[in-house]
4 protein chains.
Amino acid sequence: MPANSGRVLLAYSGGLDTSCILAWLIEQGYEVYAFMADVGQEEDFAAAEKKALKVGAKKFFLEDMKREFVNELIYPAVQANCIYENVYLLGTSLARPVIARGMIAVADREGCDFVSHGCTGKGNDQVRFELAFYGLKPDIKVIAPWRIPEFYHRFAGRKDLLAYAAEKSIPVTQTTAKPWSTDENLFHISYEAENAPQTPEQITIEFKAGLPVKVVVPDSSKTHTDPVDIFLALNTLGRKHGIGRIDIVENRFIGVKSRGCYESPGATILRAAHIDLEGLTLDRNVRALRDQFVTIEFSKILYNGHFFTPEREFITAAIPASQRTVNGVVKLKLYKGNVIIEGRESSEGLYDEQQASMDELGGFEPSDTTGFIAIESIRIKKWAQANIAKGQAGVAPKDVYGSRI
Amino acid sequence: MPANSGRVLLAYSGGLDTSCILAWLIEQGYEVYAFMADVGQEEDFAAAEKKALKVGAKKFFLEDMKREFVNELIYPAVQANCIYENVYLLGTSLARPVIARGMIAVADREGCDFVSHGCTGKGNDQVRFELAFYGLKPDIKVIAPWRIPEFYHRFAGRKDLLAYAAEKSIPVTQTTAKPWSTDENLFHISYEAENAPQTPEQITIEFKAGLPVKVVVPDSSKTHTDPVDIFLALNTLGRKHGIGRIDIVENRFIGVKSRGCYESPGATILRAAHIDLEGLTLDRNVRALRDQFVTIEFSKILYNGHFFTPEREFITAAIPASQRTVNGVVKLKLYKGNVIIEGRESSEGLYDEQQASMDELGGFEPSDTTGFIAIESIRIKKWAQANIAKGQAGVAPKDVYGSRI
Amino acid sequence: MPANSGRVLLAYSGGLDTSCILAWLIEQGYEVYAFMADVGQEEDFAAAEKKALKVGAKKFFLEDMKREFVNELIYPAVQANCIYENVYLLGTSLARPVIARGMIAVADREGCDFVSHGCTGKGNDQVRFELAFYGLKPDIKVIAPWRIPEFYHRFAGRKDLLAYAAEKSIPVTQTTAKPWSTDENLFHISYEAENAPQTPEQITIEFKAGLPVKVVVPDSSKTHTDPVDIFLALNTLGRKHGIGRIDIVENRFIGVKSRGCYESPGATILRAAHIDLEGLTLDRNVRALRDQFVTIEFSKILYNGHFFTPEREFITAAIPASQRTVNGVVKLKLYKGNVIIEGRESSEGLYDEQQASMDELGGFEPSDTTGFIAIESIRIKKWAQANIAKGQAGVAPKDVYGSRI
Amino acid sequence: MPANSGRVLLAYSGGLDTSCILAWLIEQGYEVYAFMADVGQEEDFAAAEKKALKVGAKKFFLEDMKREFVNELIYPAVQANCIYENVYLLGTSLARPVIARGMIAVADREGCDFVSHGCTGKGNDQVRFELAFYGLKPDIKVIAPWRIPEFYHRFAGRKDLLAYAAEKSIPVTQTTAKPWSTDENLFHISYEAENAPQTPEQITIEFKAGLPVKVVVPDSSKTHTDPVDIFLALNTLGRKHGIGRIDIVENRFIGVKSRGCYESPGATILRAAHIDLEGLTLDRNVRALRDQFVTIEFSKILYNGHFFTPEREFITAAIPASQRTVNGVVKLKLYKGNVIIEGRESSEGLYDEQQASMDELGGFEPSDTTGFIAIESIRIKKWAQANIAKGQAGVAPKDVYGSRI
């Protein structure tokens, strides 16, 4: 193999796959720098660095990206109530853009000709990483070994990797214990509801412009105001109470259905609280438009790795306007997998108890509603008259429930 | 007051309000027939009939609408995963169209000139009932006393109603104990998670074309296959395990924010199971389009009482095509407010374990993904090149998280 | 009638209706100030002022709102390609918010207790004006005579108005000749295509960030760069060439279908040019999202008079992000009702002739597309396999074309 | 090259490219059958057959697909008002599914192992054909020479093809004169507006359930009722009057911008007439939902070649429900590129002249609108009050028009 194929910055995890890739890239004549991002995962970074250098990396870079992960990805997703296919809070997807940006920055600074990663050729992450690379540096060259036939045919199974690791003296014990989730960042990790405490725990979350700015946890007498601290604290709390675990079959961007088990305790709590506060503070029509367009489209954009694209720029431009009034405090109870809303308050003034009351007149004349209904029914009456003329009035939606009745 | 103002069919609940309305309508010279619909609520219908006749109703009609409520409203809503403002499963809204249709049928048959109801002038139900009336019989005349100034000024508070009831010898004890929810039908009623059993309970639900066709409950050795039985059984199970209670601030159709507490145990279980099975059996693009259009629009239609309208007819026309492949079985565990998905299976064949596996090659060539990413990145690269030319590459979405960082 | 009912600012047109309303308001004891907005209509404002004062207005205010009409309403609508029900460019709707804002400013400054207008009780304009009033000054009181039974029963037809005008010595000749359109502002007025010149006329329009910044008209050796001048010049040109006339049945906000004839020569030219330039300069995904959400929703918002609302604020927040790259020049030919695009150019660089060429390889490897198609077809093949297993492959969409074949 | 590579069905056009591909496939050892579809293009099919056989095809198949093209593709697109990126009526896209289905039918019947086409590796048509093949027969094998490096490197330019044609004795004169459009089917072909007749021509089109069922052309005393005849007649008329030519930059499915010139005279007339009739006969809310979802999504599906997919099946399922009331007659005038609507009538009864009239009371009480506006303004007033409390009332949308004013 030729020496001097160029310099590669490899997204390194410390695990078997990327260690073998590291060795293999060297074998192909590349000079390899290893890159790790700290996005909140529980990881022995020092051990990983040691291992990377032992396997042959010329340099090792560890970047702390927790803050931008929280501020630039997680919190905009919270503001927009992002969710994919009704259930998945996008944990893994959210980390990819910041990791990719960190890599491109190092690659630029360190004069790397290539970036490389250990994602498989069937998953979402390869797409997310590479589209982010190209959206930041369109002429970057990417080496994806799991899509290179000579690599994936050579390493057809785990035992081939183990054999290669042995050959290259790569230590095979994993650097950290990873229980269940295969991708771990600060978005993740909880216990099962059944093993969670019997005693509920109350907390309050304060939002400003749709962003969590203060979390108060009376049981531990703690108050969190730093964005990263807030997220970490909610993760710990949610994890303790068995919140935010899902087991789903999802549709990958490449069109393959796959099973995934995810844990997002902190994000689950924040989403519930944020949605609740929007009930009190967000205009109905803004909420409906935001749900249909921003929530759905931004979620798709995040899942598919289209973060550094013009459509992401476009869709997020509307978020701040939707969050201007989302200010207030939500009181929650965490209990065995449940996030139970106990109350909310805000000084925005869009909710008016007297106006809402069924028992008092305040706010507006009930007779106004007669005019409202009269106008709302104009076109419906015309349609009904036409139906009656055709003998089709009040037809049940047979097509919907089919032959059952 | 003039005798012979005409014949009115009154939606009667047996409670104080509609009993007073009944008496008041008679006072205005109307002949009143009372109408009740059995939509699964726990109600002493015999006592209500006795009371209505005592207050002065000339006739009393009780219609059992449980089957059409389940088949024509609840199950299409399950097929479409309907939900309003992210949290509300639309229980009350779903009952209104069948009740209205039952009333119009009786009004037609019995020669009533008017229909009447006891809904307040600030709520959703007045709109739902009346738009349904007009969508079925555009020339029907509606008497809504709570929007008639002479009525609502006379009965400005509960004590005025009580005084009137005393004057008219209307019994004021409620006919049934109604704990918390003010609107009860078979969609509703559960306990709090904290008082729910410590032991989880497993069940399986089988779906055909997106509709639940069999529920098996091993603990009680029961199997349910009738649509109404299925729903009632799930309601009982959900209620027992504290599932499906919410406390929200919602946006009414008339633009007022109001607080509501709702319970939908059976619907919550069905929704979770149905969404899960769709992960396994529904095409990605159909799911995405259905979520964005049918789920959101049908939910809005149901909430706003637009069931007997052309847009409902239009939007539900697409539901069967989205459910053709939603066949299979979901295994669930109910535990203290949680609906935990434990597994699902289907013979639809859209999920392919080998194809999805990250560890084996089966299904397609990983190298194909290289072409996919190359093509997907064409426009992104062009955009990034233009950004770089303008010095704007990799710009963080500052607008999204504002001044915080 | 009581003197001293308060001070009213009346939206005055100089016509029969608002002159009679002016007199009637005085008759009801109001002190009336008359308000006119110059939004580009051909009007003898001096004559109108004279008439208003003669009829009894205490003061007369003429506000020139052309500039804000163009900058704040027309041009955002151009940026978003706004159109209602596929055909209507929203001319009348666009003028309402600036007129309402002008009125509220004068009402505030002059201490008026009420605002009033002469819109009928069946149209869109009453809703547009009043929702704008309330969105700016929620406690303003509105007098809408055409919805007050004592007014509309008294003036049941034109002859009643004429009799009243005679009684009050109100001159009945219209102050200006208004040919066909009943609402005239600078958005409007053209000739029929058949009478337009036989010779086509070429122009170029330059856009920056989606806004027209320069119009060059070689035939008249003129160049326009001021926003208002640009719009007026395009109106004149379009009018000359018979561009932008429509005759439609539209759906009013109140649910009534009505026939309308509209003319929007300048807006029609700008829309065609802007859409064309977006082909060259706007990313595909941004365009698709913008079309589906911003174009449609902003158009609905404008038509329904929801300009001063949170949803308008939300939806327009995304417009600038969609227009950042819409820079360039479009060359057009105007000819007998046609706006023919002859070419466009831009330095944005998203179009790449070599990459687009079917005849050369440049830009990317055609073999990449093989991977793209392979991945795109994964889910389609799975679905087709399932169809074949059920005997449903290649089924024609019989439901669509029904029983015809 | 190996004999017996298998049997290929080649989509043959009679032109240079597919003739060379035919010869090349034979050179690679394939047995080649040639396939042509008659979708209304002006073509000398007999000459093409003769040529194919001369070049070496073993068999030649000509399938008349005009009727299914019109009935299954064009007319559903008319019913849904399909259009891509605001301007393109999808002519080419619409023909692909029927051609692909015809090919698969012949390939099945004739025992072909492969299908092949001459589409370039950068265009839309390769994707449309192949996704259709896979949606009908997921295990079909496709040979796309313009994506095979050994082919496209060998034939790098037109002169290489000409040299190869000479070598293989392939006649190089094109079989028919093709003026401007490169893809011709019955959707296409017109003249420029400037050369069109000076005299307008009136026609009427009658629709049933949104489908054209009768076209009357007084000038030629002709009436057309057959679906294909109707489309051919409108094409001829539109062509004569210079209707339906566009010159655009579009975004291909693969993300490349490309310039295209298209002509769709008949489709342009039908779209204008259909949209107009919907104004008179379609409910407002159905129209709005259909425009936002079905029109936009079905257009995208057609453009991207996703016809034989579950999402197409889903989205078209709603079309008939949207067209049930679209019955009536539209009167049009064709003149120099313009389709001028002169009138429309229908017996559906949704339009009510008296109700719409601004000059008479009929239909409803204007005072009802007061209640409507009162209710519509509830949330707007609350929002405005909150704005005022924050000093933000009536804020102009500065963000929209930027720094210009």
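This passage walks through a predicted model, from the make-up of one chain to the contacts between chains.

A good place to begin is chain A. The chain has 405 residues, and 59% of them are buried. Its secondary structure consists of 16 helices and 12 strands. Taken along the principal axes, the box filled by the C-alpha atoms of chain A is roughly 85 × 60 × 40 Å. Contacts in this chain often link distant parts of the sequence: of those with a separation of 6 or more, 74% are between residues 24 or more positions apart.

A helix of chain C offers a closer look at the secondary structure. Helix H9 of chain C covers residues 265-281, a run of 17 residues. From the first C-alpha to the last, H9(C) reaches 25 Å, close to the 24 Å expected at 1.5 Å a residue. How many residues of H9(C) are buried? The count is 17 of 17, and the helix is accordingly described as mostly covered.

Next comes a sheet in chain C. Five strands of this chain make an open sheet with antiparallel pairing, and their order is S8-S7-S6-S11-S12. Which strands lie at the edges, pairing on one side only? They are S8 (222-224) and S12 (338-345) of chain C. From one strand to the next, the twist averages 20°. Within the sheet, strand S6 (residues 201-208) of chain C runs antiparallel to strand S7 (residues 211-217) of chain C, and five bridges join the two. On this seam, C:Phe207 is found opposite C:Pro212 of S7(C).

Chain B shows the pairing of S6, S11 and S12 in further detail. Seven bridges connect strand S6 (residues 201-208) of chain B with strand S11 (residues 328-335) of chain B, in the antiparallel sense. Here B:Thr204 has B:Lys331 in S11(B) as its bridge partner. S11(B) also pairs with strand S12 (residues 338-345) of chain B, again antiparallel and over seven bridges. B:Leu332 is matched with B:Ile341 in S12(B) across this pairing. A hairpin is formed by S11(B) and S12(B), with two residues between them. In its turn, B:Lys336 has a positive phi of about 45°.

The contacts between chains can now be considered. Between chain C and chain D, 91 residues of chain C are in contact with 91 residues of chain D. The side of chain C that touches chain D is made up of 47 nonpolar, 25 polar and 19 charged residues.

Chain D also meets chain A, with 23 residues of chain D in contact with 23 residues of chain A. On the side of chain D that touches chain A, the elements giving two or more residues are helix H14 (366-376) and helix H15 (378-389) of chain D. H14(D) provides the largest share of that side, eight residues. By residue class, the side of chain D that touches chain A holds nine nonpolar, seven polar and seven charged residues.

How are chains D and A related in space? Two copies of a chain are related by a rotation about an axis and a shift along it. Chain D is superposed on chain A by a rotation of 180° with 0.0 Å of shift along the axis, at an RMSD of 0.0 Å. This is the relation of a two-fold axis. Both copies use the same surface, as 100% of the contact residues of chain D recur in chain A.

Definitions and conventions
Residues are numbered from 1 along each chain as its sequence is written. Chains are lettered from A and ligands numbered from 1 in the order in which they are written. This is a predicted model: local features need pLDDT of at least 70, side-chain atom pairs count only at pLDDT 80 or more; totals for chains, interfaces and linings use all residues. Two residues are in contact if their C-beta atoms, placed from the backbone, lie within 7 Å. Ala, Val, Leu, Ile, Met, Phe, Trp, Tyr, Cys and Pro count as nonpolar, Asp, Glu, Lys and Arg as charged, and the others, Gly among them, as polar. Copies are superposed by least squares on the C-alpha atoms of residues with pLDDT of at least 70 in both. Helices (H or I, at least four residues) and strands (E, at least two) are DSSP runs, numbered from the N terminus. The expected span of a helix is 1.5 Å times one less than its number of residues. A residue is buried if 20 or more other C-beta atoms lie within 10 Å of its own, exposed if 12 or fewer, and partly exposed in between; C-beta atoms are placed from the backbone. Two strands pair if DSSP finds at least two bridges between them. Axes are lines fitted to C-alpha atoms, for helices over the stretch in contact, and angles run from 0 to 180 degrees between N-to-C directions.
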